[in-house]
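Take a moment to turn the model around on your screen before reading on. We'll walk through it one stop at a time.

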Amino acid sequence: MSQKNLKEYWQKNIRIVLILLSVWFLVSYVFSIFIVDVLNNFIIGGAKLGFWFAQQGSIYVFIILIFYYVQYMNKLDKKYDVHE
Amino acid sequence: MSVQIWTFIIVGLSFAIYIGIAFWSRAGSTKDFYVAGRGVHPIVNGMATAADWMSAASFISMAGLISFMGYDGSVYLMGWTGGYVLLALLLAPYLRKFGKFTVPDFIGDRYYSNIARTVAIIAAIVVSFTYVAGQMRGVGVVFARFLEVPINTGVYIGMAIVFIYAVIGGMKGITYTQVAQYCVLIFAYMVPAIFISLTLTGNVIPQFGLLGTESASGTYLLQKLDMLQRDLGFHEYTTGTKPMIDVFAITFALMVGTAGLPHVIVRFFTVPKVSDARKSAGWALLFIAILYTTAPAIAAFARTNLINTVSEKNYTEMPQWFKSWEGTGLIKFEDKNSDGKIQYVANKDANELNIDADIMVLANPEIANLPPWVIALVAAGGLAAALSTAAGLLLVISTSISHDLIKKQLKPNITEKQELMWARIGAIFAVVVAGYFGINPPGFVAATVALAFGFAAASFFPAIILGIFDKRMNKEGAISGMVVGLILMFFYMSVYKLGWFVDAIPPAGEWWFDISPEGFGTVAMFVNLIISLVVSRLTSPPPIEVQQIVEDIRIPRGAGSAQSH
């Protein structure tokens, strides 16, 4: 693979990682810790929203994040012809 | 049939399965021993990683801790799952592409230095031993309660079992045993949770039961629980008492520590392809999440049940489980005002009931009046959780000794057969030391699980991340970062958790930036990161070959060739 393509592939990889990590940070640290009191004014089922994110919601989001990344990277690997 | 007989049957049967699998999949080469021959399917590996990862602490203690901490307990839930996002996105695929056996191997080669390798070996051994001692103790405690043998006998039985499959089977044996152990532990965790969710909320799925209404009162379970807590003077269940910065620091330290734990990282070396390494991190988290999203439900159910059962009730009317756990000393009742009733309140002077957090999961089936076989199943689940983690850790210790220390540094010329022999000797040594700590637990064992995470966060995580994402990172930077991170973590933990070097453990008010020793790994990690970056920029860049290695691990293709040695 040429240097230019390699660079492009790596930049796309970094970009998606940064986007997904921002979501990771948002649900766990922002929603569940920094602004938990604000979100607690909303109710989901019988639980306060901030509390729910801290105890269950962020875990569901984590799983989605990883499987999305797997799918995205598999496509990217094929596009740049670096898959196995 | 009695609980005792059921326990013998179910625990005995599960052990027979583990040993059978160990013989069936015993290791024939170092590749089998270290990385299970690299033929593990990502879903299978995900399951094995989940069992490897979920220890006695996850199975037995976590729900109980959350039960008492309420919102503050979220640090464990998020911290011990969020690390997998970091693993999948930042570590697993690249380490797999790198294609070596161990974490010190990566550090040693990437930083072209045996000093770096040695620092990594020390960190791996410190992390693994502090962690494994707690597991062996956990095994002993579970045996003691359910088989009614002395704790030490329980530890010996645990040692014998782990010995068989870690020493004979190596990674290959461990992988397939861990799959069986995952099935046992998740089944054992879910059965009582589902039953309790049904009786308490009418919802068959505990995750939804947590959000539902309590059948008896018709109000939302969590609102009811908040009210019960307030009435007794406790903090509201759904809000916390810890400072926000500490909640942040602990969560972050646990996440980064998870991503840096060597026994979890090595699991990603066992799959055939880079894309499989990413996938198996996802599967691992999915399997882990089944337990981790159930735990907060169990915590809330158990708390509600407990308060309803004991508060202001006559001591003489307590159910059988209360009496049998009193016998173990994990429940203590003292009738301070001699009214014959149990006052369970927040005020320490008036409170008459002390409960160890660990019983919340173990006693759950009894509290919910479930049949004896469920109680036996929970015992088998707790043992599966402790044994699978212990085996994974022992393997890290044994490979650190045979591969990183002996083969890579002391005697590079030994044959594969000799190396395999050293790996087994290392495993035997590790089992014996772990057993010793299980029988004679040093005072700091309980504190050391947090310490293990702090160490992993403070040492490995920055070195690995920078090794992949910063081509300019050199050995001077990585070594100084790891050393300073480890020393800083050790210092803070010694003084503020263990009370070494000082007259007394300083009170929480004196913590640096309000951060507890459990969360200090976050600070040590950032200090490591900054020192690494600064030192590396002041010294010469790494050699061209190393920069090429870094380029190479960034693309998935060609992992096949990197794995031959």
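Where is B:Pro541 found? Look in the loop between H21 and helix H22 (544–553) of chain B, and you'll have it. Keep in mind as you look that this is a predicted model. Is B:Pro541 buried, exposed or partly exposed? Its relative accessible area is 45%, and because "partly exposed" covers the range between 20% and 50%, B:Pro541 gets that label. If you set aside its neighbours within four places in sequence, B:Pro541 is in contact with B:Arg472 and B:Gln547. For a sense of scale, try finding B:Ala284 as well: it sits 257 residues away from B:Pro541 along the chain, and the two C-alpha atoms are separated by 37 Å.

Now for another loop, the one between helix H20 (475–498) and helix H21 (520–538) of chain B, which is home to B:Phe501. This residue has a positive phi of about 65 degrees, although it is not a glycine. Why point that out? Most residues other than glycine have a negative phi. B:Phe501 counts as exposed, because its relative accessibility is 65%.

B:Tyr112 is another non-glycine residue with a positive phi, this one about 35 degrees. You can find B:Tyr112 in the loop between helix H6 (103–110) and helix H7 (114–146) of chain B. With a relative accessibility of 26%, B:Tyr112 counts as partly exposed.

Let's leave the loops and step into some helices. Helix H11 of chain B runs over residues 244–260, which makes 17 residues. From its first C-alpha to its last, H11(B) reaches 24 Å, close to the 24 Å expected at 1.5 Å a residue. And how many of its residues are buried? The count is 15 of the 17, so H11(B) is largely enclosed by the rest of the structure.

Helix H17 of chain B (residues 372–410) holds our next stop, B:Thr399. B:Thr399 counts as buried because its relative accessibility is 7%. The side chain of B:Thr399 reaches the backbone oxygen of B:Leu395 at 2.8 Å. Not counting residues up to four places away in sequence, B:Thr399 also touches B:Tyr34, B:Thr102 and B:Asp404.

So far we've stayed in chain B, but chain A deserves a visit too. Where the chains meet, 46 residues of chain A are in contact with 57 residues of chain B. The size of an interface is often given as the accessible area lost when the parts come together. Here chain A and chain B bury about 4,400 Å² between them, with 69% of it on carbon and sulfur atoms. Three residues, A:Trp10, A:Gln55 and A:Glu84, supply 16% of the area that chain A buries against chain B, more than any other three residues.

What else goes on across this interface? The rule finds 4 salt bridges between the two chains. In one salt bridge, the side chains of A:Asp81 and B:Arg557 meet at 3.2 Å, N to O. There are also 16 residue pairs in polar contact between chain A and chain B. Helix H1 (3–34), strand S2 (47–48) and helix H3 (49–79) of chain A each supply at least two residues of the side that touches chain B. H3(A) gives the most, with 18 residues. Sorted by class, that side of chain A has 30 nonpolar, 12 polar and 4 charged residues.

Definitions and conventions: Residues are numbered from 1 along each chain as its sequence is written. Chains are lettered from A and ligands numbered from 1 in the order in which they are written. This is a predicted model: local features need pLDDT of at least 70, side-chain atom pairs count only at pLDDT 80 or more; totals for chains, interfaces and linings use all residues. Side-chain values use heavy atoms; hydrogens and water are left out. Contact means heavy atoms within 4.5 Å. Buried area is the accessible area (1.4 Å probe) that two parts lose on being put together, summed over both. A polar contact is a pair of N or O atoms within 3.5 Å; within protein, one must be able to donate a hydrogen and the other to accept it, and residues adjacent in sequence count only if both atoms are side-chain atoms. Helices (H or I, at least four residues) and strands (E, at least two) are DSSP runs, numbered from the N terminus. Ala, Val, Leu, Ile, Met, Phe, Trp, Tyr, Cys and Pro count as nonpolar, Asp, Glu, Lys and Arg as charged, and the others, Gly among them, as polar. Buried means under 20% relative accessible area, exposed over 50%, partly exposed in between (1.4 Å probe, protein chains only). The expected span of a helix is 1.5 Å times one less than its number of residues.
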